There are 2 protein chains.
Amino acid sequence: MNATETYDDFCLRVRELSDLGHAAGMLGWDQETQMPKRGAQGRASALGTLAGLHHEKLVDPQFADLVESLADSPLAGDLEINVRETRRAQLRAMRLPKQLVVELSRTQSLAHEAWVEARIADDFAQFRPWLEKLLSLQLRVADAVGYEGSVYNAFLDEFEPYARVEQMGPLLEQLRKRLVPLVTAILDRQRGPDPSFQCDWDIAKQEAFGRQVIGDLGFDWDAGRLDVSVHPFCGGVGPDDVRLTTRYQADQLTSSLFGMIHETGHGLYEQGLPPEQAGLPVCESISLGIHESQSRMLENMVGRSRAFWQYQLPRMQEFFPDQLRNVDVEQMYREVNRVEASMIRVEADEVTYNLHILLRFELEQALVAGEIAVADLPGIWNERMESYLGIHPANDAEGVLQDIHWSSGLIGYFPTYTLGNLYAAQLFVQARHDVGDLEAQFARGETAPLLSWLREKVHSRGRRVTATQLVEEVTGRPLGIDALMNYLEGKFGELYDL
Amino acid sequence: MNATETYDDFCLRVRELSDLGHAAGMLGWDQETQMPKRGAQGRASALGTLAGLHHEKLVDPQFADLVESLADSPLAGDLEINVRETRRAQLRAMRLPKQLVVELSRTQSLAHEAWVEARIADDFAQFRPWLEKLLSLQLRVADAVGYEGSVYNAFLDEFEPYARVEQMGPLLEQLRKRLVPLVTAILDRQRGPDPSFQCDWDIAKQEAFGRQVIGDLGFDWDAGRLDVSVHPFCGGVGPDDVRLTTRYQADQLTSSLFGMIHETGHGLYEQGLPPEQAGLPVCESISLGIHESQSRMLENMVGRSRAFWQYQLPRMQEFFPDQLRNVDVEQMYREVNRVEASMIRVEADEVTYNLHILLRFELEQALVAGEIAVADLPGIWNERMESYLGIHPANDAEGVLQDIHWSSGLIGYFPTYTLGNLYAAQLFVQARHDVGDLEAQFARGETAPLLSWLREKVHSRGRRVTATQLVEEVTGRPLGIDALMNYLEGKFGELYDL
């Protein structure tokens, strides 16, 4: 075979893997949104088979030889990226002993069940041995796949490829130092919810308004859809089929809406990936952090801006004319930007949110470094909640047991949420510089110029750059905390008269 | 390996194939009910990959050796059936040259497109060369896979395993002879639609009532769901996840309802298959004809009975109180059993329906035997419509071009519809004998005794018997036309004062 034929053969095989991913992705989406109750067992079996076939095809020795020979040949551009990323995934898969994969998968299922029980019973002791076992298995995984520097990098790399805790750690430490005083100052002036919003909000109208907003923001309904799931997410199978989910609460006017806007941010990223590389690594997102930057920017910098509500409040009033007749833009803006010291990460506002993340990131690093034991987690968790947010969980269910991540063996995932906020803020400053007065545009309902900029600078690039490269190329400087902190200090300084 | 280990290994591999079928089934269902417009290309690729992997795994030489050695060893009961049916599928797949499979698949897609165009343009000549090509490819398939007796058996066997045209042909010929005079007599007294039903029927209410009826009939909503698709079908992935679809028309009160009842019949069969054999051939349906018997029995013998409406009309009146206030059971019963000479098979009543099928069955046999050419189809079609139903299609779009089947290369599928009606009638006579006065039960809303009987006699047996065996074992006699003709002559003789 000549080089072109070899690469064509490579693409065929990678697209076959991608098709298996398509099937698994759809079955997963269906499971969360459509599947009848009793379908769970058959679905688990089908997903297991697809995962097994994916692994078998990925580590197939003939394919490994093909990828290796391509990796050793002079490639450039998209070819190079596609081969490099496939090689990374292949090496990782080949280095994992099958026995370890099976044990990890089994332990994840059981640990997840144990976590569900422990959380209901508010009894960390029930979950502790499972987390200990998961941690020790994940450390064996890290040893098997290999890493540079800290062992934490092996975990991080799964979610934020090429990231290094040696760079990221100090950055997030700076963030914490500058964030805690802001949070403290705001919480001194903490106010309760506005009673104007405490009533019942018809769910059909919430959905209709939400769909209108999603469309306003540029989501292509011919290449995506919206459904209901217990935990909102953005799934799908490439730029042409992106699936958002949300959940509705009748006593909350904007909770579902901001969930929809958040997932729309993810969805716009997916719809903007380079279609000409569909099924190949170049048509994938760069990292979870960059993905989160798109959802956070849309949710917070767009959706929680005063300008957004100048345009959308009158439109929302058409859906709820009686209840919203006397609400004005300022009132809405203040309500959707209320800061509270709260126990639960997923309900936190955009200021305190990062402290929830930093706490988890610090505990994870200490755990994998062996500096603390699993048994120490509840105590340290509660101490840090006290020192960062001034509140103390009443029990472990609203403390260390609240998140699903660790129960599924996901270590190194949490920091991507805060990285997302940092990326978002720095990109947004640049967008304002390049595109002009974004807020004036938002006030006229025009988010298309921002979307065009994101399409060009981020989405359409696919995986052609790493997260670090993207930020530096687009904003002209390395990732820092100033953009996010300036944004938060400016916005909330005004809101809370600091 | 000892025999048990060999069988266990066999089951693992068959369940892996079934899991691939699960994935393909779900992607197919999603495509018809959920997928956004632009998702088609990616979906086609994923389905192609799954089909390829299924084939690869099915014909894997190691697996073929395993199946062959099991087929040669003394097995009984479910083990024997599972091995026998897997062997049948495997031999068929192994006998098909890959080149032929690829050419057929490509031609099917193109022929389908050509059919869509030809139907819109009402121009059979556009479709003719494609149907000629499909026919010649399908004849090559028949030669490759082999058959006993008539070549038509090779086609039939795909849909109605173990059926033989040598037995079935004369039976359907008898049916035609007895049916044509009945149809003629009824059409002499043909009456138009009852104007009481010519108004707008709110679609949300149609759906709500339909869901209630589906539940009344015993469909387990924890193991299934209902969605909307252009062409109604029953899909899903085994007894625990059965997916019905329907479509709604605002100017039709019962069209969607009978579609739902029909698909519920299919769905109840699927939900009643033996779960302990899930993923193995024993947990599959016997044939398309037996499947159709379940849907037809529910749609016609239950849903179009006077007793059914004695119970359901008052309930339907709760959904449409103003429009149905003055409608009585007799009026509804007559309206849902109106017989008409009509051009379109899918809209035909239960008396004329079988003539639509017999016409197609006769043309198919003549085609594959080389007695007529594709070019002759429109003329012969129109002649037979004239002689069977006394009507003449105004054009080929409402004549020979109306069905999708031939455009997808499906030859031998049509007769399973009429077989379904014959099975249904003969089983229903036996059910009445075994269970008692079914109509008195239906009038009280009790369809559960009939369902229990079907569960025991048909559904739970899975594929442990062939269609012929099932009919003989359950009803004590071979399949005949008397039960269906007696049912039709009795019911419509009374309705039309014959």
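Student: How do I read the sheet in chain A: what is the strand order, and is it open?

Tutor: General idea: strands of a sheet pair through backbone hydrogen bonds, either parallel or antiparallel. In chain A, three strands form an open sheet. Their order is β1-β3-β2, and the pairing is mixed. Strands pair here if DSSP finds at least two bridges between them. Strands (E, at least two residues) and helices (H or I, at least four) are DSSP runs, numbered from the N terminus.

Student: What kind of model is this, and how is it numbered?

Tutor: It is a predicted model, where local features need pLDDT of at least 70 and side-chain atom pairs count only at pLDDT 80 or more, while totals for chains, interfaces and linings use all residues. Residues are numbered from 1 along each chain as its sequence is written, and chains are lettered from A and ligands numbered from 1 in the order in which they are written.

Student: Which strands of chain A are the edge strands?

Tutor: β1 (224–228) and β2 (234–236) of chain A, each pairing on one side only. Neighbouring strands of this sheet are turned by 30 degrees against each other on average, direction ignored.

Student: How many bridges join β1(A) to β3(A), and do they run parallel or antiparallel?

Tutor: Five bridges, and the two strands run parallel. β3 of chain A covers residues 242–246. To place one pair on screen, start from V228(A): its bridge partner in β3(A) is T246(A).

Student: Which helix packs on that sheet?

Tutor: α1 of chain A, residues 3–33. It touches β1, β2 and β3 of chain A. Its direction makes about 130 degrees with that of β2(A). Angles run from 0 to 180 degrees between N-to-C directions, and axes are lines fitted to C-alpha atoms, for helices over the stretch in contact. Contact itself means C-beta atoms, placed from the backbone, within 7 Å.

Student: Now chain B. In what sense do β2(B) and β3(B) pair?

Tutor: Antiparallel, over three bridges. In that pairing, G235(B) stands opposite R243(B) in β3(B). Helix α10 (residues 255–271) of chain B packs on the sheet and touches β1, β2 and β3 of chain B. The direction of α10(B) makes about 170 degrees with that of β3(B).

Student: How do I read a helix pair, and at what angle do α15(B) and α17(B) pack?

Tutor: Two packed helices are described by the angle between their axes and the distance between the axes. For α15 (residues 353–368) of chain B and α17(B), the angle is about 140 degrees, with the axes 8 Å apart. They are therefore oblique to each other. Cut-offs: under 35 degrees is roughly parallel, over 145 roughly antiparallel, 65 to 115 roughly perpendicular, the rest oblique.

Student: Which residues make the contact?

Tutor: From α15(B), N354(B), I357(B), L358(B) and F361(B). From α17(B), P415(B), Y417(B), T418(B) and N421(B). By class, the contact has five nonpolar, three polar and no charged residues. Nonpolar means Ala, Val, Leu, Ile, Met, Phe, Trp, Tyr, Cys and Pro; charged means Asp, Glu, Lys and Arg; the others, Gly among them, are polar.

Student: At roughly what angle do α17(B) and α19(B) cross?

Tutor: Roughly 110 degrees. The axes of α17 (residues 415–435) and α19 (residues 448–457) of chain B come within 10 Å. The two helices are therefore roughly perpendicular. A431(B), D434(B) and V435(B) in α17(B) meet P449(B), L450(B) and W453(B) in α19(B). That contact has five nonpolar, no polar and one charged residues.

Student: And α3(B) with α4(B): how far apart are the axes?

Tutor: 10 Å. Helix α3 (residues 61–71) and helix α4 (residues 77–95) of chain B pack at about 135 degrees. That makes α3(B) oblique to α4(B). A64(B), V67(B), L70(B) and A71(B) in α3(B) meet V83(B), T86(B), R87(B), Q90(B) and M94(B) in α4(B). The contact divides into six nonpolar, two polar and one charged.

Student: Last, the interface. How many residues of chain A are in contact with chain B?

Tutor: 31, against 32 residues of chain B. On the chain A side, α1, α2 (40–58) and β1 each supply at least two residues. The largest share, eight residues, comes from α1(A). By class, the chain A side has 13 nonpolar, nine polar and nine charged residues.

How values were computed. Two residues are in contact if their C-beta atoms, placed from the backbone, lie within 7 Å.
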